Amino acid sequence: MRETPRSQGTAGDTGSEHPQHRPGRAIAHTTGASGSGTPHRSDGRSPQTPRGARQTDHGGRPGTTPPVPERPAPLLFLVPPLLAVFALLTWQVAADGPLRRLDERIGRSVAGHGPGRLTELLADLGNTQVALPVLGCAVVYALVRGARRVPLYAVLAMAAVPALVVPLKDWIGRTGPLTGETGYYPSGHATTAAVAYGAAALLVTYRTRPAERSKRPWMMPVAAVLLTVATGIGLVLRGYHWPLDVLAGWCLGGLLLVALSWSSGRSRRRQPPK
């Protein structure tokens, strides 16, 4: 009868008896090379969860698993209010409701006010010649830092702007403040600014390592909001759009940014940044 091989003991073991066989044990705790008691599998492979990788409780005992990688806070709670506001504005503009009449009174009273060069500069922030290069730089930055899916999602969000705005302009057919032409609701410039600057801020913060992040992580989102708001102010003061046109464009841009943020969150969970 074959005897069970003698297992390694600790430095203080001197007995000669054979250890009893323990059926059903997948892991045998044997002494490592340094006598630290590192657990080993019975088949010679390393354990799936090493003891050293676990967090310890107040008593020093192995407890919880390592912390989960950082995940961005979801923004899906913004979808219902954005949809509700956009639906209300569209209904009022299309049905010539009281909000549209109030909107046109306000638009006529403020059009032409403010420094002409400054308001023109602010309105130009919504031009594709200005907004798209900003987004393009952020896309290149994210690609260099190793991101692959999120830059593609940002490009798709930008491409969705004309796909949504142009049919709505044709359907509503609203005239502009200074011209008799139609196709002013919603504002494409306001939507472009919201998506381009918001997506750029998301891409830069998404691929920035925690150790490299500024002590003021709110600066990029705040800068995107300020640029978007400045664009809307310039559009209204120059008489290029009614205020509700701009507000509706912001709602559309916000919905696209929520979708982009949700997509980037899923991508982060699949492959956390290094």
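**Helices, a surface patch and backbone turns in a predicted model**

Modeller: In this predicted model, helix H5, residues 149-172, has 24 residues and reaches 35 Å from its first C-alpha to its last, close to the 34 Å expected at 1.5 Å a residue.

Biologist: Which residues of H5 are buried, and what follows the helix?

Modeller: The buried residues of H5 are Val150, Pro151, Ala154, Ala157, Met158, Ala160, Val161, Val165, Leu168, Lys169 and Ile172, and just after the helix Gly173 takes a positive phi of about 65°.

Biologist: What is found at Pro186, in the loop between H5 and helix H6 (188-206)?

Modeller: Pro186 is joined to Tyr185 by a cis peptide bond, for which omega is about -10°.

Biologist: How do you know that the buried residues of H2 line one face of the helix?

Modeller: The residues in question are Arg100, Asp103, Glu104 and Gly107, each of them buried. Seen down the axis of H2, these buried residues fall within an arc of 95°, so they line one face of the helix, while Pro98 and Arg105 are exposed on the other side.

Biologist: How does the reach of H2 compare with what is expected at 1.5 Å a residue?

Modeller: H2 has 13 residues and spans 19 Å from first C-alpha to last, which is close to the expected 18 Å; the helix is followed by Gly112, whose phi is positive, near 90°.

Biologist: Why is Leu102, a residue of helix H2, called partly exposed?

Modeller: Partly exposed lies between the buried limit of under 20% and the exposed limit of over 50%, and because the relative accessibility of Leu102 is 38%, Leu102 counts as partly exposed.

Biologist: Which residues make the nonpolar surface patch, and which elements give two or more residues to it?

Modeller: Leu88, Trp91, Leu99, Leu102 and Ile106 make this patch of about 460 Å². Two or more residues come from each of helix H1 (79-94) and helix H2 (98-110), and H2 provides the largest share, three residues.

Biologist: What makes the phi of Asp96 worth a remark, and why is Asp96 called partly exposed?

Modeller: Asp96, in the loop between H1 and H2, has a phi near 55°, which is a positive value in a residue other than glycine. As for exposure, the relative accessible area of Asp96 is 42%, and that value is neither under 20% nor over 50%, so Asp96 is partly exposed.

Notes. Residues are numbered from 1 along each chain as its sequence is written. This is a predicted model: local features need pLDDT of at least 70, side-chain atom pairs count only at pLDDT 80 or more; totals for chains, interfaces and linings use all residues. Side-chain values use heavy atoms; hydrogens and water are left out. Patches are made of residues with over 30% relative accessible area and no salt bridge: like charges are joined within 9 Å, nonpolar side chains (Val, Leu, Ile, Met, Phe, Trp, Tyr) within 5 Å. Accessible areas come from the Shrake-Rupley method with a 1.4 Å probe; for residues, only the protein chains shown count as cover. A salt bridge is a side-chain nitrogen of Lys or Arg within 4 Å of a carboxyl oxygen of Asp or Glu. Helices (H or I, at least four residues) and strands (E, at least two) are DSSP runs, numbered from the N terminus. Buried means under 20% relative accessible area, exposed over 50%, partly exposed in between (1.4 Å probe, protein chains only). The expected span of a helix is 1.5 Å times one less than its number of residues. The arc is that of the directions from the helix axis to the C-beta atoms.
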